[in-house]
Amino acid sequence: MALTTNTALAQLQPSGIRRITAFAKQTPGCILLTLGEPDGNTADVVKEEVAKSLAANETHYPPNNGTVELRRAIAAHMEKRNLAYGEDEIIVTCGATEALFAALSSILNPGDEVLVPTPAFGLYESIISVNRATFVPVDTRPTKFQLTLGQLEAAATDRTKAIVLTSPNNPTGCVLDPRSLDAVAKFAKAHDVFVICDDVYTSLVYEGVYKSDEGVHLGFASCYGELRDRIIVCDSFSKPYAMTGWRLGWVAADAPISAQIAKMHQYMVSSVPSFVQRAAIRALKEDVAPAREVYRGRRDYVLARLREIGFDVVEPDGAFYVFPSIEKFGMSSDEFCTRLIAEKGVALVPGSCFAAEGFVRLSYCCSMENLEEGLNRLAAFVQTLEQRFV
Ligand SMILES: Cc1ncc(COP(=O)(O)O)c(C=O)c1O
């Protein structure tokens, strides 16, 4: 009998972002506005804790869910967002990637449907299909990346199991407004579905409506505590603390759900490494505000330039992305990005990578110098496209 592999994996496509980045890297002098990670480095005070952990021989198997000290620190951190999770309801994971994988794999059965507002980060679709469930896109392009109850109801069936919320969003940078959150709450209550809150950018919100007494942005999980039994929060050290390479995140959920997620986590990775856990506690003490203000300044600059060039763009309120429309140029997002690299030496990510044709993602995780030059090149590209129509 022939050897076969998991057919669910055969359907997965290699990441489009990787393909475009590889092409850009082969193009001499190309400016990359494609990166989804902070351009700064992890703070020295955080890195120093790793040396201390190693010196103290924190090199043995740690508890599966993370050390109690770290889980307590995460619980205290979440409390600043009015999120009350006990240390036993928190699992430290290998980034939000594993948090999302463990969370979705713990609730999905084959044939279940998961609503994903699009544009969306590509990881969700892959995790859903590996679990032999169905990815159901809810297109938010017509509603300026916000959600309505009508959109959710139109996508619902008796197999709908969960909805994934990403606010601020990758790739749009948009924050879900109170009406969107309310629509999700009504829907989740009426249909008994899980709400997976991918909160990896939640510390990077410039303008949000709901704020705690300390001025911290409050997302879905904070505002709808009464739905705690069906909310799963996934978060990460990657984006706020410039710790993408540490592969550290967490998932928090009501005790019966977190107990299931803990099993998945145990059998997949056992635990995150021992000697990074003290450093993670130190990271949570870092003030994210200075980095956020840098991003805000870049956001303002990029938005003004894009509008001056003539792009139609919804103002992002967080993360470090903008997602302008390219619809008027009459070409696919893939062709737009490929030609932009080849003809002008600047790389953006096609909207098709986020299940949203007609748009491109620009990441402003880079120096102002690169942003200025990248946008000059983009303006020149648009000029050549517009000349075609004269
Ligand atoms: C929306 C979103 N969720 C999750 C992740 C994964 O983050 P981590 O580095 O914590 O695995 C990313 C990374 O780009 C992301 O953009």
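**Reading the ligand site and a small-strand sheet**

Modeller: In this predicted model, 15 residues surround the ligand, and the closest are A96, T97, D198, S236 and K239.

Biologist: What classes of residue does the shell around the ligand have?

Modeller: Sorted by class, the shell holds six nonpolar, six polar and three charged residues. Helix α5, which spans residues 95–107, gives the most to this shell, with four residues.

Biologist: Which atoms of A96, N170 and S236 lie at short listed distances from an oxygen atom of the ligand?

Modeller: A polar contact is read from a pair of N or O atoms within 3.5 Å. For A96 the partner is a backbone N or O atom, 2.7 Å from an oxygen atom of the ligand, whereas N170 places a polar side-chain atom 2.9 Å from a ligand oxygen, and S236 places a polar side-chain atom 2.6 Å from a ligand oxygen. The protein covers 93% of the 400 Å² of accessible area that the ligand has on its own.

Biologist: Where does the ligand sit?

Modeller: The ligand is found in the largest pocket.

Biologist: How do the strands of a sheet pair?

Modeller: In general, strands of a sheet pair through backbone hydrogen bonds, and the pairing is either parallel or antiparallel. Here, an open sheet of three strands follows the order β9-β12-β11, with antiparallel pairing. Its edge strands are β9 (321–322) and β11 (349–350), each of which pairs on one side only.

Biologist: How many bridges join β9 to β12?

Modeller: Two bridges join β9 to β12, the strand of residues 360–363, and these strands run antiparallel; V322 stands opposite L362 in β12.

Conventions:
Residues are numbered from 1 along each chain as its sequence is written. This is a predicted model: local features need pLDDT of at least 70, side-chain atom pairs count only at pLDDT 80 or more; totals for chains, interfaces and linings use all residues. Side-chain values use heavy atoms; hydrogens and water are left out. A residue is near a molecule or strand if one of its heavy atoms lies within 4 Å of it. A polar contact is a pair of N or O atoms within 3.5 Å; within protein, one must be able to donate a hydrogen and the other to accept it, and residues adjacent in sequence count only if both atoms are side-chain atoms. Accessible areas come from the Shrake-Rupley method with a 1.4 Å probe; for residues, only the protein chains shown count as cover. On a 1 Å grid over the protein atoms alone, a cavity is a set of points where a 1.4 Å probe fits but cannot get out, and a pocket is an open set with protein on both sides within 12 Å along at least five of seven lines; lining residues have an atom within 4 Å of a point. A molecule sits in a cavity or pocket if more than half of its atoms lie within 2 Å of its grid points. Ala, Val, Leu, Ile, Met, Phe, Trp, Tyr, Cys and Pro count as nonpolar, Asp, Glu, Lys and Arg as charged, and the others, Gly among them, as polar. Two strands pair if DSSP finds at least two bridges between them.
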